[in-house]
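The turns below take terms used for a model and ask what each of them rests on.

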Amino acid sequence: MRTAYISHTECRNHDTGPGHPEEPRRLTAIEDRLLVTGLTEVLRHIDAPEVTREQLLRVHTAGYLDSLESLLPKSGLAHLDPDTVLCPKAARRAAGAVVTAVDRILGGELDSAFCGVRPPGHHAERNRGTGFCLYNNIAVGVAHALEAHGLGRVAVVDFDVHHCNGTEDIFKDDGRVLVCSTFQHPFYPNTPLLPDAPNRVSVPLDARAKSTEFRAAITQRWMPALRAFDPEMIFISAGFDAHQDDFMSQVCLTDADYRWVTEQIVAVAEESASGRIISALEGGYELNSLARCAESHLRVLMGLHA
Ligand SMILES: [Zn+2]
């Protein structure tokens, strides 16, 4: 498989202030792990371009984009809310990473890509950013695949421990996009549970959930929906914060669960989407488990095995 790691120095440098869990060391931990395991040498490395306003306007309102610009400080940090730090440079690279992944995969240059980016994106709604997220990186990429490349069926799968309220909000009325998620419930961002729809499979997990419940959700709920939908491309909102070592949540997944779920997604992608997968980092705050799980996730995307 021709797999790329797409990132940018701006994403690594994005300063969220002291004590913030969404911190620069998250990307350093992943990149150090790829280096010591030798994966760095077999991955293609691509610098993320900046997303354009036109690309952002496919999923965000002009009013929201303008309000972010108006809140920017001349210097220092500014907050959209107590958790969410404004970082236009990093955010433009994070969304741009997913856009260039789409162009390069549909252009035949790559089979798959992992966007090692910050800030994350899946909490960003059409007209509201929150939960560390400014632009919905995955949604920007999906919209690019639909509008610039003419795809007709795209799936988003999200195994972050937090509900992808933003991604669901953006695509709730778009039958071209199937959104499948698992998430701890009740839990941040405390959005109301919506019933399943032809383009939505939301699977809440109890705070005590472990591998068994997670794997049942994927096998019994995601997989039949994904196979019936027959996507032409699959996007992954890859959050590793449901890991048992992560302090952000109570759900207790293991390294093996992240490898397994990636294998399930790759299997569907090979059946229906010519193996085309784009994954983008969302959560994952305990640096050791984050680095290990991102490595094994990438290894499966690359067609390598443990
Ligand atoms: Zn999360």
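Q: What makes D15, T16, G17 and V85 contacts of L77?
A: In this predicted model, contact means heavy atoms within 4.5 Å. With neighbours within four places in sequence left aside, L77 is in contact with D15, T16, G17 and V85. L77 itself is found in the loop between α5 (62–71) and β3 (79–81). Another residue, C87, is 10 residues from L77 in sequence and 8.2 Å from it in space, C-alpha to C-alpha.

Q: Why is L77 called partly exposed?
A: Buried means under 20% relative accessible area and exposed means over 50%. L77 has a relative accessible area of 40%, so it is partly exposed.

Q: How do you know which atoms are the protein donors of the zinc ion?
A: Donors are N, O and S atoms within 2.8 Å of the metal, a cut-off for zinc since the wider one is kept for Na, K and Ca. The protein donors of the zinc ion are D160 (OD), D160 (OD), H162 (ND1) and D241 (OD), and they lie 2.0 to 2.7 Å from it. Their residues follow the spacing D-x1-H-x78-D in sequence. H162 lies in the loop between β6 (154–158) and α8 (165–171), and D241 in the loop between β9 (233–238) and α10 (255–272), so the pair ties together parts that are 79 residues apart in sequence.

Q: Why is the arrangement around the zinc ion called irregular?
A: Four donors count as tetrahedral if all angles lie between 85 and 135 degrees. Here the four donor atoms subtend angles of 53 to 154°. Square planar would need opposite donors over 155 degrees apart. Neither condition is met, so the arrangement is irregular.

Q: Are the zinc donors H162 and D241 buried or exposed, and how do you know?
A: The limit for buried is under 20% relative accessible area. H162 has 8% and so counts as buried. D241 has 0% and is buried.

Q: What makes β2 (44–47) and β8 (200–205) the edges of the sheet?
A: The open sheet of eight strands has the order β2-β1-β5-β10-β9-β6-β7-β8, with parallel pairing. β2 and β8 each have a single partner strand, so one side of each is left without a neighbour in the sheet. On average, neighbouring strands of this sheet are turned by 15° against each other, direction ignored.

Q: How do you know that β7 (residues 177–184) pairs with β8?
A: Two strands pair if DSSP finds at least two bridges between them. Six bridges join β7 to β8, and the two run parallel. Among the bridge partners, V179 has R200 in β8, and F183 has P204 in β8.

Q: Why is β8 called largely enclosed?
A: Five of the six residues of β8 are buried, so the strand is largely enclosed by the rest of the structure.

Q: What makes β10 (277–281) enclosed as well?
A: Five of the five residues of β10 are buried, so this strand is largely enclosed by the rest of the structure. Both faces are covered, with I277, S279 and L281 buried on one side and I278 and A280 on the other. Four bridges join β5 (residues 112–115) to β10 in parallel, and F114 stands opposite S279. Five bridges join β9 to β10, also in parallel, with F235 opposite I278.

Q: Which helices lie across strands of the sheet, α2 and α7 among them, and at what angles do they run?
A: Helix α2 (residues 25–36) lies across β1 (3–7) and β10, and runs at about 150° to β1. Helix α7 (residues 137–147) lies across β6, β7, β9 and β10, and runs at about 170° to β9.

Q: What makes α7 mostly covered?
A: In α7, 10 of its 11 residues are buried. Among them are I138, V140, V142 and L146.

Q: How do you know that the span of α10 is close to the expected one?
A: α10 has 18 residues and reaches 27 Å from its first C-alpha to its last, close to the 26 Å expected at 1.5 Å a residue. The helix is followed by S274, whose phi is positive, near 55°.

Q: What covers the buried residues of α10?
A: The buried residues of α10 include Y258, W260, I265 and V268. The cover includes β6, α9 (211–229), β9, β10 and α11 (287–301).

How values were computed:
Residues numbered from 1 in each chain as written. Predicted model: local features only at pLDDT ≥ 70, side-chain atom pairs only at ≥ 80, totals over all residues. Heavy atoms only, no water. Donors = N, O, S within 2.8 Å, 3.2 Å for Na, K, Ca; no water. Tetrahedral: all angles 85-135°; square planar, octahedral: opposite > 155°, others 65-115°. Buried < 20%, exposed > 50% of the residue type's maximum accessible area, 1.4 Å probe, protein only. Axes fitted to C-alpha atoms, helices over the stretch in contact; angles between N-to-C directions. Expected span 1.5 Å × (residues − 1).
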